[in-house]
Amino acid sequence: MSTFIEQIHEKAKTSPRKVVLQEGEDVRIIEAAALATKQGIAEVTILGHPDKIKATAAGANLSLEKITIVDMTRPPHLDDYANTYYELRKAKGLTQDQALAQMKDPLWYGAMMVRKGVVDSFVGGALYTTADVCRAGIQIIGMQAGLKTLSSFFAMVVPDKSFGKDGIVFFADCAVVIQPDANQLADIAIATADSYASLTGDTPRVAMLSFSTKGSAKHADIDKVTAATAVVKQKRPDLVVDGELQGDAALIPAIGERKAKGSPVAGKANVLIFPDLDAGNIGYKLVERLGKAEAIGPILQGMAKPSSDLSRGCKAADILNVIAINVVRLQYAQKQ
């Protein structure tokens, strides 16, 4: 475990939050719930068939002590949850019968628990697809005030501690938005800056990346990045952001000074915003593999209450890390 994640765990323990895990019959989920509870990181609720959950826990020698189990064969408040969902989506053609059927699905039920304030956050995706997790989050929890784009970030922990804060640099978006327009790119930058501040305690310095630095080339793709930069500055004048910047100008002080003299970001960026998903996904995987970095994520961002997706190949330790990250983001949001 990296020092960064250890610090996240310690922060989470200072003020645990209530988290629901929708895939409660999966042994990885039960193990993560047991770890989070034992370590004092979160108060955990898991959803599923109680007998199956208990049998799986017993088979893996895992404790369910202090973990709340919601019986999805007879979910409480089902009619209320279904009515709320119907009211949210009836203008889109949703019927009451469809709302009731959807609320019997643990993913959607757990998202409604967050909306209702029964819990503070959900973590799903060990079995569900990212698309399903995103859809449930957007439709039920809704978006953070001022943002219209659900996106994701990776916390990249690189061996060279001269980058970012002790080697911690955030990359976005590497997993969700394929071809963001200028306004979506601005939303991604704002959300990632806030994610960085919440999890590191450091001031985000946001580089809007391109293959050009400050007009060194001309292309519509560059225009999108400069337009997005202008939107970020207009919407969030408190943020330190600059673009367009090439990767080396964003990260290397001498090159930043030469290519973008006077920039508040060049040479010292700790948040890198990629122009599209091609660049972001390729970039994080190259840094992870060639640069021997630890890639923590993708972590969803932009929802009204931080909730997260998982990789279907995740381990219990990965789920625990995501729970802790959400708890710390909730702590930060409450202070703002």
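A residue counts as buried under 20% relative accessible area, as exposed over 50%, and as partly exposed in between. By that scale Lys 235, at 36% relative accessibility, is partly exposed. The model described here is predicted.

## Salt bridges

Side chains of opposite charge can pair when their charged atoms come close. The count of salt bridges in this model is 13. Three of them are listed below.

| Pair | Closest N to O distance | Relative accessibility |
|---|---|---|
| Arg 74 and Asp 71 | 3.5 Å | Arg 74 66%, Asp 71 15% |
| Lys 235 and Asp 187 | 3.1 Å | Lys 235 36%, Asp 187 3% |
| Asp 194 and Arg 236 | 3.0 Å | Asp 194 17%, Arg 236 21% |

Arg 74 counts as exposed, while Asp 71, its salt-bridge partner, is buried.

The salt bridge between Lys 235 and Asp 187 starts from helix H9 (residues 220-235), where Lys 235 lies, and ends in helix H8, where Asp 187 lies, so the pair ties together parts that are 48 residues apart in sequence. Asp 187 is buried and Lys 235 is partly exposed.

Asp 194 and Arg 236 also form a salt bridge. This pair links distant parts of the chain, with Asp 194 in helix H8 and Arg 236 in the loop between H9 and E8, 42 residues apart. Asp 194 counts as buried because its relative accessibility is 17%, under the 20% limit. Arg 236, at 21%, counts as partly exposed. Through shared partners, salt bridges join Asp 194, Arg 236 and Asp 238 into one network.

## The sheet and helix H8

Strands of a sheet pair through backbone hydrogen bonds, either parallel or antiparallel. In this model an open sheet of six strands has the order E8-E7-E9-E6-E5-E10, with mixed pairing. Strand E8 (240-245) and strand E10 (294-301) are the edge strands; each has a single partner strand, so one side of each is left without a neighbour in the sheet. From one strand to the next the twist averages 20°.

E10 runs antiparallel to strand E5 (residues 151-157), and six bridges join the two. Within this pairing, Phe 153 has Ile 299 in E10 as its bridge partner.

Helix H8 (residues 182-200) lies across E5, strand E6 (168-172), strand E7 (205-209), strand E9 (271-273) and E10. Its direction is at about 155° to E6.

## Asn 270

Asn 270 is placed in the loop between helix H11 (253-259) and E9. Its relative accessible area is 0%, so Asn 270 is buried. The side chain of Asn 270 comes to 3.1 Å from the backbone oxygen of Thr 203. Beyond neighbours within four places in sequence, the contacts of Asn 270 include Ile 168, Val 169 and Phe 170, as well as Tyr 196, Asp 202, Thr 203, Pro 204 and Arg 205. Gly 164 is also among them.

## Cysteines

A disulfide is a covalent bond between the sulfur atoms of two cysteines. The structure holds zero disulfides. Why does Cys 134 form no bond with Cys 174? The cut-off for a disulfide is a pair of sulfur atoms within 2.5 Å. The closest cysteine sulfur to that of Cys 134 belongs to Cys 174 and is 14 Å away, which is too far for a bond. For Cys 314 the closest cysteine sulfur is in Cys 134, at 15 Å, again too far for a bond. Cys 134 is buried at 9% relative accessible area, and Cys 314 is buried at 6%.

How values were computed:
Residues are numbered from 1 along each chain as its sequence is written. This is a predicted model: local features need pLDDT of at least 70, side-chain atom pairs count only at pLDDT 80 or more; totals for chains, interfaces and linings use all residues. Side-chain values use heavy atoms; hydrogens and water are left out. Two strands pair if DSSP finds at least two bridges between them. Helices (H or I, at least four residues) and strands (E, at least two) are DSSP runs, numbered from the N terminus. Axes are lines fitted to C-alpha atoms, for helices over the stretch in contact, and angles run from 0 to 180 degrees between N-to-C directions. Contact means heavy atoms within 4.5 Å. Buried means under 20% relative accessible area, exposed over 50%, partly exposed in between (1.4 Å probe, protein chains only). A polar contact is a pair of N or O atoms within 3.5 Å; within protein, one must be able to donate a hydrogen and the other to accept it, and residues adjacent in sequence count only if both atoms are side-chain atoms. A salt bridge is a side-chain nitrogen of Lys or Arg within 4 Å of a carboxyl oxygen of Asp or Glu.
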